[in-house]
Amino acid sequence: MRKALTAVVVLAAGGAASAFLVSRGDTSQATNQAAQAVPINTTKVTQQTLKDTETQDGTLGFGTSSSAVNRVAGTVTAVPDSGQELRRGNTVYSIDNKPTTLLYGALPAYRKLAIGTEGTDVLQLEQNLKAMGYTGFTVDDEYTDATAAAVEEWQEDLGLDETGVVELGSVLFAPGHLRVDSVQAEEGSPLGPNQPVLSYTGTTRAVTVQLDAADQRLATLNAAVTVALPDGKSVPGQIQKVSTVIIPAEGPDKDPETKVEVIVAIANQKAVTAWSSAAVDVTFTASERKNVLTVPVAALVALREGGFGVEVTDGTTSRYVPVKTGLFASGQVEISGTGITAGTTVGIPK
């Protein structure tokens with residue numbers, strides 16, 4: 001003797017489900033033959049694309065900020081304005097009237113560069129010298145006499161002593177042109193080594209979202225998202241960066257929080273130029289199943305021998321058919337099983 005049980009299914013985060021079981025009565029035939037009273041409420045199996053989506057709060061701005069730290073002691077003689085954009089060759093700030101110049105590169109400046117030095121930072125320097133129009137050297141990772149000659153020419157153009165040596169603190173390597181986010185140092189004030197001068201970001205607008213650790217499944221690098229703007233319009237975005245951040249405790253009775261910080265790139269910058277900062281909604285798609293068979297979650301019944309089924313009806317009789325469940329999303333569940341096709345009529349338990 002076989003018994004089917006109504007499944008009252010409760011969706012949990014991540015598409016998991018749990019069921020509270022209620023007796024539906026005995027069935028005296030095999031599953032594919034068992035005649036039941038025709039269900040009053042029915043629905044049809046549909047074929048569709050099922051998406052597990054979740055919307056989170058985000059902040060539209062310019063992405064994460066980095067800090068420009070002074071490397072030598074001296075007096076601050078020039079700083080830029082907040083919001084100012086700087087490009088390769090521009091002065092970021094000056095100490096003792098000596099400029100720190102913006103150059104492009106992923107590796108931060110960490111040492112003095114002179115004849116005989118080798119490494120990626122040398123390559124970055126030479127790439128920048130070439131981009132700024134200086135010649136006479138080979139672009140590689142070796143700092144040669146020819147490199148020093150190009151540096152001397154560059155220093156002359158900057159009004160500096162022509163030493164042919166790039167001192168630590170004289171350049172700031174950044175991934176690209178930047179936007180000054182905030183300025184910590186004041187002109188005329190003394191500044192010691194390793195003290196912040198200013199913070200900066202990129203120049204393209206991006207969205208920052210801080211997810212709870214339990215929602216890490218949403219943070220898939222390069223995944224597509226949808227960003228809802230304050231004016232009601234939506235723009236597509238793509239997850240550009242995912243990192244873990246620790247939020248310090250706000251009080252003695254609080255614990256630090258672990259968050260997953262997501263940076264979303266916006267390709268259509270024109271659509272977001274109206275805001276330098278704004279609160280937005282970001283819709284993530286954790287998983288997607290295309291062209292699958294689905295029914296409302298309420299159509300599932302739990303079988304005594306384990307697993308789930310649906311009550312299939314032809315309008316005069318009904319029978320319980322075991323099904324395999326897949327993705328749960330938006331009140332629907334992906335199912336598959338013998339005889340289950342698009343258009344199949346199934347019951348919905350009261």
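This briefing walks through a small sheet, a neighbouring-strand hairpin, one loop residue and the internal cavities of the structure above. Please keep in mind that the model is predicted. One of its sheets is open and holds four strands, and strand 22 pairs in the antiparallel sense with strand 21 as well as with strand 18. The cavity count comes to two at a volume of 30 Å³ or more.

**The four-stranded sheet**

- The strands of this open sheet follow the order 5-13-11-7, and their pairing is antiparallel.
- Strand 5 (66-69) and strand 7 (85-86) are the edge strands; each has a single partner strand, so one side of each lacks a neighbour in the sheet.
- As a general reminder, strands of a sheet pair through backbone hydrogen bonds, in either a parallel or an antiparallel way.
- For strand 5, the antiparallel pairing with strand 13 (residues 196-202) runs over four bridges.
- Within that pairing, S66 sits opposite Y200 of strand 13.

**Strand 22 and its partners**

- Strand 22 is mostly covered, with four of its five residues buried.
- Strand 21 (residues 318-329) joins strand 22 through four bridges, in the antiparallel sense.
- K324 has S336 in strand 22 as its bridge partner.
- The hairpin of strand 21 and strand 22 has two residues between the strands, and S330 adopts a positive phi near 55° there.
- Strand 18 (residues 278-296) also runs antiparallel to strand 22, with three bridges joining the two.
- Here P296 has Q332 in strand 22 as its bridge partner.

**T344, a loop residue worth a look**

- T344 belongs to the loop that links strand 22 (332-336) with strand 23 (345-347).
- Is T344 buried or exposed? With a relative accessible area of 11%, T344 counts as buried because that value falls under the 20% cut-off.
- A polar atom of the T344 side chain lies 2.9 Å from the backbone oxygen of T341.
- Beyond its neighbours within four places in sequence, T344 is in contact with T43, K44, V45, V312 and G339.

**Cavities**

- How large is the second largest cavity in volume? Its volume is about 40 Å³.
- Its lining includes A109, Y110, R111, L113 and D121.
- Further along the chain, V166, E167, L168, G169, V171 and F173 also line the second largest cavity.
- Sorted by class, that lining has seven nonpolar residues, three charged residues and one polar residue.

Notes: Residues are numbered from 1 along each chain as its sequence is written. This is a predicted model: local features need pLDDT of at least 70, side-chain atom pairs count only at pLDDT 80 or more; totals for chains, interfaces and linings use all residues. Side-chain values use heavy atoms; hydrogens and water are left out. Two strands pair if DSSP finds at least two bridges between them. Buried means under 20% relative accessible area, exposed over 50%, partly exposed in between (1.4 Å probe, protein chains only). A polar contact is a pair of N or O atoms within 3.5 Å; within protein, one must be able to donate a hydrogen and the other to accept it, and residues adjacent in sequence count only if both atoms are side-chain atoms. Contact means heavy atoms within 4.5 Å. On a 1 Å grid over the protein atoms alone, a cavity is a set of points where a 1.4 Å probe fits but cannot get out, and a pocket is an open set with protein on both sides within 12 Å along at least five of seven lines; lining residues have an atom within 4 Å of a point. Grid points are joined across faces, edges and corners, and a volume is the space filled by probe spheres set on the points. Ala, Val, Leu, Ile, Met, Phe, Trp, Tyr, Cys and Pro count as nonpolar, Asp, Glu, Lys and Arg as charged, and the others, Gly among them, as polar.
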